[in-house]
Amino acid sequence: MQLELIMSSGFSVFRVAISFVIMCISYMPTIDSLPELSPQKYFSTLQPGKASLAYFCQADSPRTSVFLEELNEAVRPLQDYGISVAKVNCVKEETSRYCGKEKDFMKAYLFKGNILLREFPTDTLFDVNAIVAHVLFALLFNEVKYITNLEDLQNIENALKGKANIVFSYVKAIGIPEHRAVMEAAFVYGTTYQFVLTTEIALLESIGSEDVEYAHLYFFHCKLVLDLTQQCRRTLMEQPLTTLNIHLFIKRMKAPLLTEVAEDPQQVSTVHLQLGLPLVFIVSQQATYEADRRTAEWVAWRLLGKAGVLLLLRDSLEVNIPQHANVVFKRAEKGVPVEFLVLHDVDLIISHVENNMHIEEIQEDEDDDVEGPDIDTQDDEVAESVYRDRKRKLPLELTVELTEESFNATVMASDNMVLFYVDWQAVSMAFLQSYIDVAIKLKGTSTMLLTRINCADWSDVCTKQNVTEFPFVKMYKKGKNPVSYTGMLGTEDLLKFIQLNRISYPVNITSIQEAEEYLSGELYKDLISYSSISILGLFSPTMTTAKEDFSEAGNYLKGYVITGIYSEEDVLLLSNKYAATLPALLLARHTEGKIESIPLASTHAQDVVQIITDALLETFPEITVENLPSYFRLQKPLLMLFSDGSVNPQYKNSILILVKQKYLDSFIPCWLNLKNTPVGRGILQAYFDPLPPLPLLVLVNLHSGGQVFVFPSDQAITEENLVLWLKKLEAGLENPITILPAQEWKPPLPAYDFLSMMDAATSQHATKKLPKCMKETDVQENDKEQHEDKSAVRKEPIETLRIKHWNRSNWFKEAEKSFKCDKEL
C-alpha cells in the first residue's frame, strides 16, 4: 500500500494516506546507492559498448549535495536500461580534464565505453526525470529525431511511407516527466517505429492540434501508405503522456484494424479485449458484403485505439442473431452479455462506443478511489491536481512576489507570511493554489502581508533563510523569531495557523474573572472556530522555571492551539475550583463545555508540548488522514469501527463506557466513516473477500505481528460482548482473519514511499544537535552579504523534490530536538 500526500481544501494532494500508514510504516525500500570512485578506478570500470553517467566533483563540495541526491535517485531507473552511474571524487593532484577548473564540476558526463558522448550542465539535470530523460535522449539519437519545423516532419514522413510508422510527440520542455515517458517508450520501441520529438508549439499547431498547451503524442500510420502523394493517417493519444499510457497506446495501434469472424460474438476473443477495449461487430451478409466491409473499415479507423472492429458474417453463423440487428457491441469486462443494436449511421456507432467508454472511465475512477493507482505507473497525484486545475486563473496579485532585492526590506517593514516555493515542482504549484485561497479569505480583514518567493530564481535568499525543502512557509513578525509552518498543506490549516498567530502565546491572564472568560471561550471567541480547545497553565508566583518552560512550550504551539498562563497570588482559588494541584494545566473543550485538569509531573518545555499534544487527542475519534499519525504514534492496536456514515450512537456509548471503565486502555478505540474517508473500503477489501456488510468492528495489531481480528458479525456491539471477545483475544482463542506482513504492503515503486522519505527527513532533523542548528541570518547582515555580482545568481532549482513531513503530531514529537533552531532574524 502506498502512503500518498493529502492536502485539505482546494489542494487535495496527499490522496488518502490511510491505506495504511499503518501497514507500511516499518517498510524502508532498498534503493541502490550512488557508487563513489576515484578517477582511476572509474575509468578502469568502463566497458566497451556500455553506457555510464559520471559526475566528477570535489568530495567536500557543499554545492553539489542537491544534485547528488537527485543523481542517487536516478541510479536504479538508469540501471534498468543498462546504464551505470557513479560519483567520481577528484583529488587536488588529479590532472584529468574532468577534474580541472571549478566550472568543470558543474557538468555530468555520459560515456559509451571510454568514448565521451555528451556533457550535461548540472542545472539541466534538475531532478530524476530530467536525468533519465536527458541520458536516454543522448543514447537514442538514432531512434529519436528532434525537429523544429513542419518541413523536417514532412521529410521524415515522406521517407518512411510504405516502410515504417512514426510516433510523433510534443513536450513543453526537455527533461520534464512527459519527455522522460517518451524516451522510455523509445528505448523499447525505437527499433520498430521512428520516434520524432519537438518542443515547438508552432509545429504542433501546424498539424492541426486545437489544444497546444499540453503534451501530445500522435501515431502516424505511414507503413500502409503506398502512394507518396497521400498523407499518413494520424491517431492522437488522448491520455496523459505517461510510460504506461504510451505503452498501451502503441499496443493498441499494433492490433489488427479489421478482422472477419463467423462465430458467436459472445465467444470471440481478440487482442483488443486483452488491452481493455470493447468490440464492435458490423453484421454483414453475402449480398451486402462489399458495402459492409467498407463501412467496417471506416468505423475501424474512427475507433482506432478506442475499440476493436470486426466484420461478422451472418450467413456463416450457426448462432442466431436478431434479424433487425446490424451492430453487436461487446464490452471488455468478462461475463457481460453482448448488445444487439440497430444503428444505421456510422456516427451513431461511434457515439455509442464513446458514450460507453465514458461510463467505463467514470467507473474506473471510482475504483481508483478504492484500490489506489495501478502499480505499473508512477503517476504523481500532486502533478495531477495541478493539471486538473490548470485552467484556473489564480489572482496572484493578492500576494506580493519577492526578489533578492526586496526580500529583506519587505519582511522588516510589516508582518509577513512568506511562501518559499519552486515553480518547476508540482507540490509547490499545487500548494500555491491553496496559498492564494488563503489570501482571498483574508482580503481586507488581516494586517498580515502574504508574500512569495520563487527559490528556483532566488536560491541564495532561500538558503540564507535556512529553507531547503519546498514548499515551505514562514511567518515573520517585527522583533520576534520567525515561525515555521509545519501543518498540513491546505487552505484551512494554513488559515488557522495565521489566525491563531494574531495574538502572542501564551496569553498572560491577570485575574480570576479573566481566567473564567478565557476558559469559557468568551475572551477569544473569534478564535474558537479555529481552535475548539484552550489550554491554561496554572503556576504559583514562585514557580519561575516552570513558567518559563510553559511559556516556551506555548510559543512553540502557537498557530495550533490557544494557550494562556495564570500565576497570580490567588491562583489557589482557581486550582481548588478545578481540583488541580500546582503546577497544572486546565484544558477547556469549548464544543463540549468541559474543563479538565491535568497535573504537570514534569515542566520541561518538550514534556509540556507532549502532554498538551496527548491531551488534545479524543477518546473515541473519527480517524482521518490528517489525524491518523497522532494516534498511530501511540503504538497501540487499533480497535476500529468501520461505518458507512455516522457512527451508531448505541455502539459509541458501549465503547465509551468501556473506555471510562479502563477496559480499552491497551487499545486505540476509533471509527472510520467510509463516506468521509473512502480509502477505508480498500482497507477492508485487503482484509476480507468478499466485503462484509457494515458496520464492522476490527482489531488491527499493526505494531507487532500485523494480525487482523474481526468482531463476530452475528453479535451486537455491547459492553458485555466486547469484553468477552477481548478476553478471548487475550487468551489466544480467536484466530486472525488475515496477517499483514510488512513486505507485502511495501509501496509498488520507490516514489510512492513518501512515509520513508518523511521518516528519513525527520530522523535527519532529529540527529542534529542544538549547537549545530543553522541560524536564521540577521536581516541587516543579509544586506551586507549580498553578492556583488548579482548576475551570477544561479537561476536553477536548488533542492530535490522533497516531500515535507507536514504532520503536526510528529512535529510536536520533534520539538524537543529543535527548540532552538529558529533564531531571530
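Let's start at the surface: Pro 48 has a relative accessibility of 81%, so this proline counts as exposed. Pro 48 sits in the loop between α2 (39-45) and β2 (51-58). Measuring along the chain and through space gives two views of its surroundings: Pro 48 and Phe 111 are separated by 63 residues in sequence, yet their C-alpha atoms lie 9.9 Å apart. Please keep in mind that this is a predicted model.

Now step back to the whole chain. The chain contains 28 helices and 30 strands. Of its 825 residues, 52% are buried. If you take the contacts between residues at least 6 apart in sequence, 75% of them join residues at least 24 apart.

Two helices make good places to look at burial. Helix α7 covers residues 177-189, and its 13 residues should span 18 Å at 1.5 Å a residue; the end C-alpha atoms are 18 Å apart, so the expected and modelled spans agree. The buried residues of α7 are His 179, Arg 180, Ala 181, Val 182, Met 183, Glu 184, Ala 185, Ala 186 and Tyr 189. Charged residue names thus appear in that list alongside alanines, with Arg 180 and Glu 184 among them. Helix α11 runs over residues 289-302 and has 14 residues. From first C-alpha to last, α11 reaches 20 Å, close to the 20 Å expected at 1.5 Å a residue. Its buried residues are Asp 292, Ala 296, Val 299, Ala 300 and Trp 301. A bit of helix geometry helps when you read such lists: an α-helix has 3.6 residues a turn, so residues three or four places apart point the same way. In α11, Asp 292, Ala 296 and Ala 300 are among the buried positions.

How do helices pack against each other here? Take α19 (residues 544-556) and α21 (residues 605-615), which pack at an angle of about 55° with their axes 8 Å apart. That angle makes α19 oblique to α21. The crossing of these helices is right-handed. On the α19 side, Asp 549, Phe 550, Glu 552 and Ala 553 make the contacts, and they meet Ala 605, Val 608, Val 609 and Ile 612 in α21.

Further along, α23 (residues 649-660) packs with α25 (residues 719-731) at an angle of about 60°, their axes 9 Å apart. Here too the term is oblique, for α23 relative to α25. The crossing of α23 and α25 is right-handed. Ser 654, Ile 655, Ile 657 and Leu 658 are the α23 residues that meet Glu 719, Leu 722 and Val 723 in α25.

Next come the cysteines. A disulfide is a covalent bond between the sulfur atoms of two cysteines. Searching the whole structure turns up two disulfides. One joins Cys 222 and Cys 232, with sulfur atoms 2.2 Å apart. Both cysteines are in the loop between β9 (216-221) and β10 (233-236), 10 residues apart. The torsion about their S-S bond is about 120°, so this disulfide is right-handed. Cys 222 is buried at a relative accessible area of 0%, and Cys 232 counts as buried at 2%.

The other disulfide joins Cys 455 to Cys 462, with an S to S distance of 1.9 Å. This link is left-handed, with -90° about the S-S bond. Cys 455 has 0% relative accessibility and so counts as buried, and Cys 462 is likewise buried at 0%.

Why does Cys 57 not bond with Cys 90? The sulfur of Cys 57 is 6.9 Å from the closest cysteine sulfur, in Cys 90, which is too far for a bond. Cys 57 counts as buried, at 1% relative accessibility. Cys 670 is buried as well, with a relative accessible area of 0%.

Finally, some backbone details. Most residues other than glycine have a negative phi, and most peptide bonds are trans. The peptide bond from Leu 582 to Pro 583 is cis, with omega near -10°, and Pro 583 lies in the loop between α20 (571-577) and β24 (584-589). That loop also holds Ala 579, whose phi is positive at about 55°. Ala 579 is exposed, with a relative accessible area of 65%. Another cis peptide bond runs from Leu 694 to Pro 695, with omega near 0°. Lys 662, in the loop between α23 and β27 (668-673), has a positive phi near 70° and is exposed at 59%.

Conventions: Residues are numbered from 1 along each chain as its sequence is written. This is a predicted model: local features need pLDDT of at least 70, side-chain atom pairs count only at pLDDT 80 or more; totals for chains, interfaces and linings use all residues. Side-chain values use heavy atoms; hydrogens and water are left out. Helices (H or I, at least four residues) and strands (E, at least two) are DSSP runs, numbered from the N terminus. The expected span of a helix is 1.5 Å times one less than its number of residues. Buried means under 20% relative accessible area, exposed over 50%, partly exposed in between (1.4 Å probe, protein chains only). A disulfide is a pair of cysteine sulfur atoms within 2.5 Å. Axes are lines fitted to C-alpha atoms, for helices over the stretch in contact, and angles run from 0 to 180 degrees between N-to-C directions. Angles under 35 degrees count as roughly parallel, over 145 as roughly antiparallel, 65 to 115 as roughly perpendicular and the rest as oblique. A crossing is left-handed if the near helix is turned anticlockwise from the far one by less than a right angle, and right-handed if clockwise. Contact means heavy atoms within 4.5 Å.
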